[in-house]
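Hello,

Here is the structure I promised to pass on. Please open it first, then read the notes below alongside it.

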Amino acid sequence: MDWRTKLLNPTQIARQDYNSLVTPVYRGSTVVFDDQSSIKDDWQQSEKGYSYGLYGTPTTLELAARISQIEDARHTFIVPGGQSAIALVYFAYCKSGSHALVPYSAYGPNKAMAEGLMKGLGVEVEPYDPMVGKDIKKLIRKNTTLIWCESPGSVTMEIQDIPEIVKVAHQKNVPVALDNTYAAGVLFDAFKFNVDISIQALTKYVGGHSDLLLGSVSVRDENAYKTVGPIYMQLGLAVSPDDCSLALRGLQTLALRLDQLEKSTLEVALWLSKNDMIDEVYHPALDTCPGHDIWKRDFTGSASVFSFTFIETISSKEVQEFINSLNIFKIGLSWGGVTSLAVVYPDLDRPNKDFGGRLVRLNIGLEAVNDLISDLDEAISTIRL
Ligand SMILES: *Cc1c(COP(=O)(O)O)cnc(C)c1O
């Protein structure tokens, strides 16, 4: 063999029996088959064997299997981010002429997809009050093919009565998809409550360190598996095995991080609730949070993200000054990492309430709580003067 050929056809290879404690990063697009007749191009790699990197390498499938086991799902699809998880569900369950329901407290880009891409494709996505409960029945039509839930809702933190919504939806044969990112797939047991599809932005708690973007779509049963799988294949939602490797690492410390974040976040929320510059604190474990009783009934814990509003005499401009004078809290989007973040929502769009630019959302990280509280205290005093 010419040395050029040897470069691509090595005869000496390293031992392959390295039984690593951690999942190796398998990179690769092409899978090599033994002979022509064994070639396949099938997304069901877990059952039928590896076919192509687009549907995941062993690193991706290992992450999928772990998420699936933790959530007790039939199967989990790993996708490039939480938003692509949302897109996959829309595409799998809606077609031209479909009607879908989404709570108006849903993640903003979910509503943007509803109003943009979905509307353009002839799908009507109707916003509904997240506190609707069993009255969702009145909103279900003959052509309703999907009901979204997200609990707590993004930014305004409404806890939904998922068991009631699922019960009514299933009476009418409508599948329910839950954005379960807040609960990290563990603080709310989606499949115990018979949700059909549970999605997560793994970007948040599973990744846990603000250094990756990934999402998951977990399905309850064979029916959902066969509905989502072909669309997952058609959309070509490939992910990086390196990111999956980081997410696998993140899973190992998820319990520790969630425990600490729950404690620190509650302390900060309670401190804020006693401050006379603060009006409402929307934290699921406080009774000022809409749906707090449902949270107590259905959740096993709370996480690191919550919101609060300043009293009405504080202007929207002063709230921005408050945000700008924080030091330990960084100003930024997303959450679930190790760093505390603050962001103000100046034009939050909710049909039943005008927050007047006085709503702030915090993500609590792993810093010492006393330092976080001092940071908030000092920033509040700059606007009190
Ligand atoms: C962040 C987030 C998403 C989107 O996740 P990305 O990975 O950033 O695309 C979806 N749903 C919720 C509730 C989120 O907070």
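A word on element names before we start: helices and strands are DSSP runs, numbered from the N terminus. With that in hand, V155 can be placed in the loop between β4 and α6. Please keep in mind that this is a predicted model.

**The loop after β4**

Begin with the loop that holds V155, since two unusual backbone features turn up there. The general background is brief. Most residues other than glycine have a negative phi, and most peptide bonds are trans. Now look at P152. It sits in the loop between β4 (144-150) and α6 (162-171). The peptide bond that joins S151 to P152 is cis, with omega at about -5 degrees. V155 is not a glycine, yet its phi is positive, at about 70 degrees.

Is V155 buried or exposed? V155 counts as buried because its relative accessible area is 6%, and the cut-off for buried is under 20%.

**The two domains**

V155 also matters for the next topic, the domain contact. The domain assignment of the protein gives domain 1 as 15-248 and domain 2 as 254-381. Their C-alpha centres lie 28 Å apart. Domain 1 puts 31 residues into the contact, and domain 2 puts in 37.

How much area is buried between domain 1 and domain 2? The figure is about 2,800 Å². Carbon and sulfur atoms give 65% of that area. On the side of domain 1, V155, L187 and Y205 lose the most area to domain 2. Together these three make up 27% of what that side buries.

There is polar chemistry across the interface too. Between the two domains, 11 residue pairs are in polar contact, counting pairs with both residues at pLDDT 80 or more. The side of domain 1 that touches domain 2 has 16 nonpolar, 11 polar and 4 charged residues. The rule finds 1 salt bridge across this interface. For a salt bridge to look up, go to R297 and D161: their side chains meet at 2.8 Å, N to O.

**A second positive phi**

S210 is another residue other than glycine with a positive phi, near 55 degrees. S210 is found in the loop between β6 (197-201) and β7 (215-219). Its relative accessible area is 61%, so S210 is exposed; the cut-off for exposed is over 50%.

**Two more loop residues**

S340 lies in the loop between β10 (330-331) and β11 (341-344). S340 is buried because its relative accessibility is 0%. What does the side chain of S340 join in a polar contact? The partner is the side chain of E367, at 2.7 Å. Leaving out residues up to four places away in sequence, S340 touches I328, F329, K330, N363, I364, G365, E367 and L372.

G236 is in the loop between α7 (222-235) and α8 (241-252). With a relative accessible area of 30%, G236 is partly exposed. G236 and Y55 are 181 residues apart in sequence. In space, the C-alpha atoms of G236 and Y55 are 7.7 Å apart.

**Where to look**

If time is short, go to V155. V155 combines a positive phi with a buried position, and is one of the three residues of domain 1 that lose the most area to domain 2. Then visit the cis bond between S151 and P152.

Best wishes

Terms used:
Residues are numbered from 1 along each chain as its sequence is written. Side-chain values use heavy atoms; hydrogens and water are left out. Domain bounds come from an automatic or database domain assignment. Contact means heavy atoms within 4.5 Å. Buried area is the accessible area (1.4 Å probe) that two parts lose on being put together, summed over both. A salt bridge is a side-chain nitrogen of Lys or Arg within 4 Å of a carboxyl oxygen of Asp or Glu. A polar contact is a pair of N or O atoms within 3.5 Å; within protein, one must be able to donate a hydrogen and the other to accept it, and residues adjacent in sequence count only if both atoms are side-chain atoms. Ala, Val, Leu, Ile, Met, Phe, Trp, Tyr, Cys and Pro count as nonpolar, Asp, Glu, Lys and Arg as charged, and the others, Gly among them, as polar. Helices (H or I, at least four residues) and strands (E, at least two) are DSSP runs, numbered from the N terminus. Buried means under 20% relative accessible area, exposed over 50%, partly exposed in between (1.4 Å probe, protein chains only).
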